[in-house]
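Me: I have this one open in the viewer and would like to go through how its parts pack together. Can we start with the helices?

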Amino acid sequence: MNNLEHLKPLSKLKSSKGIEFVTPMVSPGNHCPMRMAAVISRDIKGLSTLLVGMQECTIHSRLFTPYPEGDDGELHWLYLLDSNEVVFGCKKGVMEAIEIMSLKGIKHLMLIITCVPELIGEDIAGLAIEASEKYNMKVGFVKLGQFKNVSFPPGFRKTLEELVKFMDEKDVNKN
């Protein structure tokens with residue numbers, strides 16, 4: 001048991017930074033949780049995405065969703081916040097982007113929200129409801145600010161939980 005002396009009881013931790021793994025090979029480091037949302041969503045036929053964030057988020061996202069126009073009409077677009085939107089909110093610009101996407105015929109949209117829109121307190125839930133009604137499409141969202149979601153597991157879990165809302169219930173023949 002001497003090789004576990006570096007571990008601390010939970011009562012001694014003040015943040016997730018104090019959590020150490022049993023072996024250093026377990027942790028590859030912290031990854032942005034929006035990565036999982038982009039990777040999962042890009043391969044779902046009929047689902048488009050709009051990632052809302054700063055320049056580093058959008059550049060990083062293009063590494064794993066390199067094609068903004070999908071094979072089957074899906075769109076995987078990036079919305080880059082400008083300095084005015086960081087201070088005063090981004091609803092107007094995001095709604096304009098969704099309108100353009102709707103004119104291209106998408107019917108299902110996942111908003112991937114990164115740190116800054118979450119930090120500035122943008123009402124993403126209200127925006128998603130408004131866009132759903134206005135553009136006659138299903139709009140879901142995942143808020144994945146890394147300050148709340150350390151590494152990729154929360155991005156994976158939250159994305160899958162949100163994707164359930166896009167599913168339609170099917171009649172089941174019990175025979």
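Me: Which hand does the crossing of H4 and H6 have, left or right?

Reply: The crossing of H4 and H6 is right-handed, a term used when the near helix is turned clockwise from the far one by less than a right angle (anticlockwise would be left-handed). Please keep in mind that this is a predicted model, in which local features need pLDDT of at least 70 and side-chain atom pairs count only at pLDDT 80 or more, while totals for chains, interfaces and linings use all residues. Residues are numbered from 1 along each chain as its sequence is written, and side-chain values use heavy atoms, with hydrogens and water left out.

Me: And within what distance do the axes of H4 and H6 come?

Reply: The axes of H4 (residues 91–103) and H6 (residues 124–135) come within 11 Å and cross at roughly 35 degrees, where axes are lines fitted to C-alpha atoms, for helices over the stretch in contact, and angles run from 0 to 180 degrees between N-to-C directions.

Me: Which residues of H4 and H6 meet there?

Reply: From H4 there are Lys91, Val94, Met95, Ile98, Glu99 and Ser102, and they meet Leu127, Glu130, Ala131, Lys134 and Tyr135 of H6, contact meaning heavy atoms within 4.5 Å. By class, this contact has 6 nonpolar, 1 polar and 4 charged residues; Ala, Val, Leu, Ile, Met, Phe, Trp, Tyr, Cys and Pro count as nonpolar, Asp, Glu, Lys and Arg as charged, and the others, Gly among them, as polar.

Me: OK, H1 and H7 next: at what angle do they cross?

Reply: H1 (residues 34–42) and H7 (residues 152–163) cross at roughly 40 degrees, and their axes come within 7 Å. The two are therefore oblique to each other, the class left over once angles under 35 degrees (roughly parallel), over 145 (roughly antiparallel) and 65 to 115 (roughly perpendicular) are taken out. The crossing of H1 and H7 is right-handed.

Me: What makes that contact?

Reply: On the H1 side it is Met36, Ala37, Ile40 and Ser41, while H7 brings Phe152, Gly155, Phe156, Thr159, Leu160 and Leu163. The residues of this contact of H1 with H7 divide into 7 nonpolar, 3 polar and no charged.

Me: Switching to the strands, what is their order in the sheet?

Reply: The sheet is open, with 4 strands in the order S2-S1-S3-S4 and parallel pairing, where two strands pair if DSSP finds at least two bridges between them. S2 (76–80) and S4 are the edge strands, each pairing on one side only. Neighbouring strands of this sheet are turned by 20 degrees against each other on average, direction ignored. H1 packs on the sheet and touches S1, S2, S3 and S4, its direction making about 165 degrees with that of S3.

Me: How many bridges join S1 to S3?

Reply: S1 (residues 48–53) is joined to S3 by 5 bridges, and Val52 has Ile113 of S3 as its bridge partner. S3 also pairs with S4 (residues 138–143) over 6 bridges, in the parallel sense; in S4, Phe141 is the bridge partner of Leu111 and Val139 that of Leu109.

Me: How many residues of S3 are buried?

Reply: S3 (residues 108–113) is mostly covered, with 5 of its 6 residues buried, meaning under 20% relative accessible area with a 1.4 Å probe, protein chains only. H6 lies across S3 and S4 and runs at about 165 degrees to S4. For the protein chain, 38% of the 175 residues count as buried.

Note on methods
Buried < 20%, exposed > 50% of the residue type's maximum accessible area, 1.4 Å probe, protein only.
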